[in-house]
Amino acid sequence: MAKNDSNKKLEQTLESVGINSKLPTIISHGYSREDIKNTHRETNNLIQESLKKNSLGECIHITGEMRALTDPFHRYICEEINQQEKNVFRVVYNIPEENMKNSTSILKWNLESWASDKSDRKWYEELRTIYAIANRSVNLYALDTSDEIQYSVFGNKYILLQEKHKDRAKNKHTWLLESELVNSFLTARANELIKKAKDVDEGNYRRFTKNISGITSKRFLSILREGNNVSIENLLLDEIANDFTDSPEEIIESLIIMGFVKSENNDLTQLTEAGREFIK
């Protein structure tokens with residue numbers, strides 16, 4: 001795409017959030033999936049560099065599906081920030097109120113949002129992302145961001161900015177920018193959005209990880225490994241499983257949401273290939 005077209009789109013995007021100054025320095029720009037991936041890589045390098053220089057500033061993501069955390073490199077940096085007891089990324093993302101009832105409904109929404117294509121799902125990366133959140137490597141806030149320009153600020157002068165787009169858009173203008181003025185403006189805007197948002201208890205993610213990795217879960221998976229097409233009722237009535245949980249239903253639901261178990265007509269259950277890999 002022509003540079004002038006990109007600059008025009010950047011100007012329009014900045015104007016839509018109230019910035020009418022001259023264009024900031026463009027460090028990297030992407031429009032195709034591969035170029036966007038490169039821009040994200042450069043962004044992560046700069047976040048890591050800012051961490052090493054002790055100049056992270058305020059780190060905030062204004063996002064839709066929170067898919068940035070499924071990127072192993074970005075997730076690693078978020079965990080490094082947390083381990084060094086710095087102020088972690090605050091993540092404002094879109095999750096409907098009705099999906100915030102409990103840990104399973106929250107995680108079901110996340111997993112469906114993260115998977116652009118079910119064939120692309122990697123359960124181990126999804127689980128690592130869930131563990132990172134459970135360990136409070138980020139702070140989560142829920143808000144309807146469907147009409148918001150999505151961006152990230154960090155390092156006191158850097159911005160990762162995306163043009164307004166629909167969720168899961170394959171091509172979208174994405175810029176890595178340098179400007180203290182734009183960073184300051186968008187940081188203030190992000191903090192106003194956080195004030196409107198609902199705090200998401202990361203403890204929900206910790207509960208989900210316990211459901212997946214606990215003794216009851218292992219018991220259910222062992223039963224299913226021994227024989228396919230086990231009825232849900234038989235699992236729910238298993239005495240050993242019930243010795244270790246007050247809610248065997250929640251454990252089964254968590255295993256189904258994670259894709260380790262599949263259920264037919266809410267009756268018979270089977271172990272999936274992902275489930276077999278997990279119990280190995």
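This is a short talk on one protein chain, its overall build and a few of its residues.

Hi everyone, and thanks for having me. Please keep in mind throughout that what we are looking at is a predicted model.

Let me begin with the whole chain. Its secondary structure comes to twelve helices and eleven strands. If you lay the C-alpha trace along its principal axes, the spans are about 70 × 40 × 30 Å. Of the 280 residues, 48% are buried. Now take the contacts between residues at least 6 apart in sequence: 73% of them join residues at least 24 apart.

On to the surface and the charges. The chain exposes about 14,600 Å², and 43% of that comes from carbon and sulfur atoms. There are 39 positive and 44 negative charges, and the mean positions of the two sets are 4 Å apart.

Now for the part I enjoyed most, the aromatic rings. The structure has five aromatic pairs. Let's take tryptophan 123 with phenylalanine 260. How are these two rings arranged, edge-to-face or stacked? Their centres are 5.4 Å apart and their planes meet at 85°; planes over 60 degrees apart count as edge-to-face, so this pair is edge-to-face. Where do the partners sit? Tryptophan 123 belongs to helix 5, residues 123-134, while phenylalanine 260 is in the loop between helix 11 (248-258) and strand 10 (261-264), so the pair ties together parts that are 137 residues apart in sequence. Both tryptophan 123 and phenylalanine 260 are buried.

Phenylalanine 260 has another partner to show you. With phenylalanine 278 it makes a stacked pair, at 4.5 Å from centre to centre and with 15° between the planes. Phenylalanine 278 lies in helix 12, residues 273-279, and phenylalanine 260 in its loop between helix 11 and strand 10, so here the parts tied together are 18 residues apart in sequence.

Are the two phenylalanines buried or partly exposed? Phenylalanine 260 has a relative accessibility of 0%, so it counts as buried. Phenylalanine 278 is at 22%, and because buried means under 20%, it counts as partly exposed. If you step back, ring pairs link Trp123, Tyr124, Phe260 and Phe278 into a cluster.

Next, a charged residue. Please find glutamate 202, in the loop between strand 8 (198-200) and helix 7 (203-213). Its relative accessibility is 5%, so this glutamate counts as buried. What does glutamate 202 touch? Leaving aside residues up to four places away in sequence, its contacts are Ile133, Ala134, Arg136, Val138, Asn139 and Leu140.

Arginine 136, one of those contacts, is worth a look for its backbone too. Its phi is near 60°, a positive value in a residue other than glycine. The residue is in the loop between helix 5 and strand 4, with strand 4 covering 138-142. At 38% relative accessibility, arginine 136 counts as partly exposed.

Methionine 66 also has a positive phi, about 65°, although it is not a glycine. You'll find methionine 66 in the loop between strand 2 (60-62) and helix 3 (72-83). Its relative accessibility is 1%, so methionine 66 counts as buried.

That's my tour. If you open the model afterwards, you could start at the cluster of Trp123, Tyr124, Phe260 and Phe278, then go on to glutamate 202 and the residues it touches, including Arg136. Thanks for listening!

Key. Residues are numbered from 1 along each chain as its sequence is written. This is a predicted model: local features need pLDDT of at least 70, side-chain atom pairs count only at pLDDT 80 or more; totals for chains, interfaces and linings use all residues. Side-chain values use heavy atoms; hydrogens and water are left out. Helices (H or I, at least four residues) and strands (E, at least two) are DSSP runs, numbered from the N terminus. Buried means under 20% relative accessible area, exposed over 50%, partly exposed in between (1.4 Å probe, protein chains only). Contact means heavy atoms within 4.5 Å. Accessible areas come from the Shrake-Rupley method with a 1.4 Å probe; for residues, only the protein chains shown count as cover. Lys and Arg count as positive and Asp and Glu as negative; His and the chain ends are not counted. The place of a charge is taken as NZ of Lys, CZ of Arg, CG of Asp or CD of Glu. Rings of Phe, Tyr and Trp (its six-membered ring) pair if their centres lie within 6.5 Å; planes under 30 degrees apart count as stacked, over 60 as edge-to-face and the rest as tilted.
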